[in-house]
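Student: I would like to learn how the labels used for a protein structure are earned, one step at a time. Could we look at one together and set each value against its cut-off?

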Amino acid sequence: MSSTLESDAVASTLNRLLAAEDKQDLAAEWAAAGVDLGGEFPVGMSAAEMAERTKDIIMSVSREGGRLLYLLTRAVKARTVVEFGTSFGISTLYLAAAVRDNDGGQVITTELQQDKARRATENFAAAGLGDLVDLRVGDARETLRELPGPVDLLLLDGWLDLRLPILQIVEPRLRPGALVIVDDVDLDIGRGVYEEFRDYINDPANGYLSITLPVHQGVQLALKLG
């Protein structure tokens, strides 16, 4: 089967978005949003405020990370995929292309900021993958409470300190053998936000087998055991 990841519509949409991301001066963009990337993450800023301040910043998986998402989604033959953190939809496009090549299914994704959600929807349509994406706008702690089951793959790529709560919301729907993929696990924002997540995912009592790959700023893979 030919890969829709290489089709004209998907490839051109991804290339356009990734090229725009490459042109960003992230330090300047984050500074304008009130965040010093060399300092500590602003503890007092809510997710909604942060989303509003950063609505024009493209935050996505790397090219290598995106292809890894595609490969893993194909490998587990995922038909139902859940994503926390849509942004402009780059990672969603990799996931949706893989789902289509798995003979169909659905990517359920969620974005807090409405302007980003609108632009992501436009990108899904441009890539010809809009029919495979259920984009839910709002706080993921609410939008992901109602899910079809079983879930074959979960991508955690939204705000760092919300990843454990989102995992625990989706967890009852994860099938045995499902993959949990966590992006940017080596990103240090000065608050040790991953310590609790790592403790949870690495505790055998919680039923995961986990490994971290040196892809971009670290990608953690966790297999949900039966």
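Tutor: Let us start with a definition: a residue is called buried when its relative accessible area is under 20%, exposed when that area is over 50%, and partly exposed in between. Please keep in mind that this is a predicted model.

Student: Which residues of α5 are called buried?

Tutor: In α5 the label goes to I90, S91, T92, L93, Y94, L95, A96, A97, A98, V99 and D101. That is eleven of the twelve residues of the helix, and for that reason α5 is described as mostly covered.

Student: How do you know that the length of α5 agrees with what a helix of twelve residues should span?

Tutor: The expected span is 1.5 Å times one less than the number of residues. For the twelve residues of α5 this gives 16 Å, and because the end C-alpha atoms are 17 Å apart, the two values agree.

Student: What comes just after α5, and what is its phi?

Tutor: Just after the helix, D103 takes a positive phi of about 75°, although D103 is not a glycine. This residue is found in the loop between α5 (90–101) and β2 (106–111).

Student: Why is D103 called exposed?

Tutor: The relative accessible area of D103 is 58%, and exposed means over 50%, so D103 earns the label.

Student: Where is K77 found, and why does K77 count as exposed?

Tutor: K77 is found in the loop between α4 (63–75) and β1 (80–84). Its relative accessibility is 61%, and because the cut-off for exposed is over 50%, K77 counts as exposed. K77 is also a residue other than glycine with a positive phi, near 55°.

Student: What makes D161 partly exposed?

Tutor: D161 has a relative accessible area of 40%, which is neither under 20% nor over 50%, so D161 is partly exposed. This residue is found in the loop between β4 (151–156) and α8 (163–170). The C-alpha atoms of D161 and F197 are separated by 8.8 Å, with the two residues 36 apart along the chain.

Student: What kind of peptide bond joins G149 and P150?

Tutor: A cis peptide bond joins them, with omega about -5°, and P150 is found in the loop between α7 (140–143) and β4.

Student: How do you know that β6 and β7 pair?

Tutor: Two strands pair if at least two bridges are found between them. Six bridges join β6 (residues 208–213) to β7, so the requirement is met, and the two strands run antiparallel. In the hairpin of β6 and β7, which has five residues between the strands, H216 takes a positive phi near 55°.

Student: How many bridges does β7 share with β5?

Tutor: β5 (residues 174–183) and β7 pair over five bridges, again in the antiparallel sense. L223 in β7 stands opposite L179, and L209 also stands opposite L223. Strand β7 (residues 219–224) is mostly covered, with five of its six residues buried.

Student: Why is the contact between K55 and D115 called a salt bridge?

Tutor: The label asks for a side-chain nitrogen of Lys or Arg within 4 Å of a carboxyl oxygen of Asp or Glu. The side chains of K55 and D115 meet at 3.4 Å, N to O, so the pair qualifies. This pair links distant parts of the chain, since K55 is in the loop between α3 (47–53) and α4 while D115 is in helix α6 (residues 114–126), 60 residues apart.

Student: What makes E52 part of a network with K55 and D115?

Tutor: K55 also forms a salt bridge with E52, the closest N and O atoms being 3.5 Å apart, and E52, K55 and D115 are thus linked in a network of salt bridges.

Student: How do you know that E122 and R118 form a salt bridge?

Tutor: Their closest N and O atoms are 3.4 Å apart, and because the limit is within 4 Å, the pair meets the definition. Both residues lie in helix α6, four residues apart, about one turn of the helix.

Note on methods. Residues are numbered from 1 along each chain as its sequence is written. This is a predicted model: local features need pLDDT of at least 70, side-chain atom pairs count only at pLDDT 80 or more; totals for chains, interfaces and linings use all residues. Side-chain values use heavy atoms; hydrogens and water are left out. Buried means under 20% relative accessible area, exposed over 50%, partly exposed in between (1.4 Å probe, protein chains only).
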